[in-house]
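Work through the following exercises on strand pairing with the model in view, and attempt each task before reading its solution.

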Amino acid sequence: MAGRPDDVWQALHDPEVLSASIPGCERLIPLGDQEYVAILTAGSDTYRGLLTVTDTAPGSRLTVSLDGRGRQHTLEVGLEMRIGHGPASGTTSLAYDARVHVGGPAGATDHLMRSCSRAVLMTAESVSRSKAP
């Protein structure tokens, strides 16, 4: 993808970029060092929870996690991201593993699980493009 790894790394730590990149995110309220209260809508439910960005290897690996509750469901998302130099000059390689767990009434969770899984992938792709030159 276009953009330098440093730009993508910075984007992943920018609350405005994160908020704009997360489908359904209504608001991120800073709590402290890379911790936010996240308010987002997925399906017919609104979730409030803790969103955390954790550097596991500064400049190259990080984890974005969300632990939220809605009226009917709980939502846990973990996104492990690896950032490196791409094959061409001025590009970035981004690899990620996503984990999504939705709890709640049987039957209703299947649709929400698919929606959340798509949202996690869209977020990773959107953040990576947000700071491209």
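**Strand pairing, step by step**

Strand β5 (residues 74-85) pairs with β6 in the antiparallel sense over twelve bridges, where strands are DSSP runs of E of at least two residues, numbered from the N terminus, and two strands count as paired if DSSP finds at least two bridges between them. This is a predicted model, in which local features need pLDDT of at least 70, side-chain atom pairs count only at pLDDT 80 or more, and totals for chains, interfaces and linings use all residues. Residues are numbered from 1 along each chain as its sequence is written, and side-chain values use heavy atoms, with hydrogens and water left out.

**Exercise 1.** Determine which residue in β6 stands opposite Val-77.

*Solution.* Val-77 has Val-100 of β6 opposite it.

**Exercise 2.** Trace how β1, β2 and β3 are connected.

*Solution.* Begin with strand β1 (residues 25-32), which runs antiparallel to strand β2 (residues 35-42) and is joined to it by six bridges; within this pair, Arg-27 has Ile-39 in β2 as its bridge partner. Two residues lie between β1 and β2 in their hairpin, and Gln-34 in the turn has a positive phi of about 55°. Next, eight bridges join β2 to the antiparallel strand β3 (residues 45-57), with Glu-35 opposite Thr-52 in β3. This second hairpin also has two residues between its strands, and its turn contains Gly-43, with a positive phi of about 65°.

**Exercise 3.** Establish the order of the strands in the sheet and identify its edges.

*Solution.* The open sheet consists of six strands in the order β1-β2-β3-β4-β5-β6, with antiparallel pairing. Its edge strands are β1 and β6 (92-103), each of which pairs on one side only.

Terms used
Helices (H or I, at least four residues) and strands (E, at least two) are DSSP runs, numbered from the N terminus.
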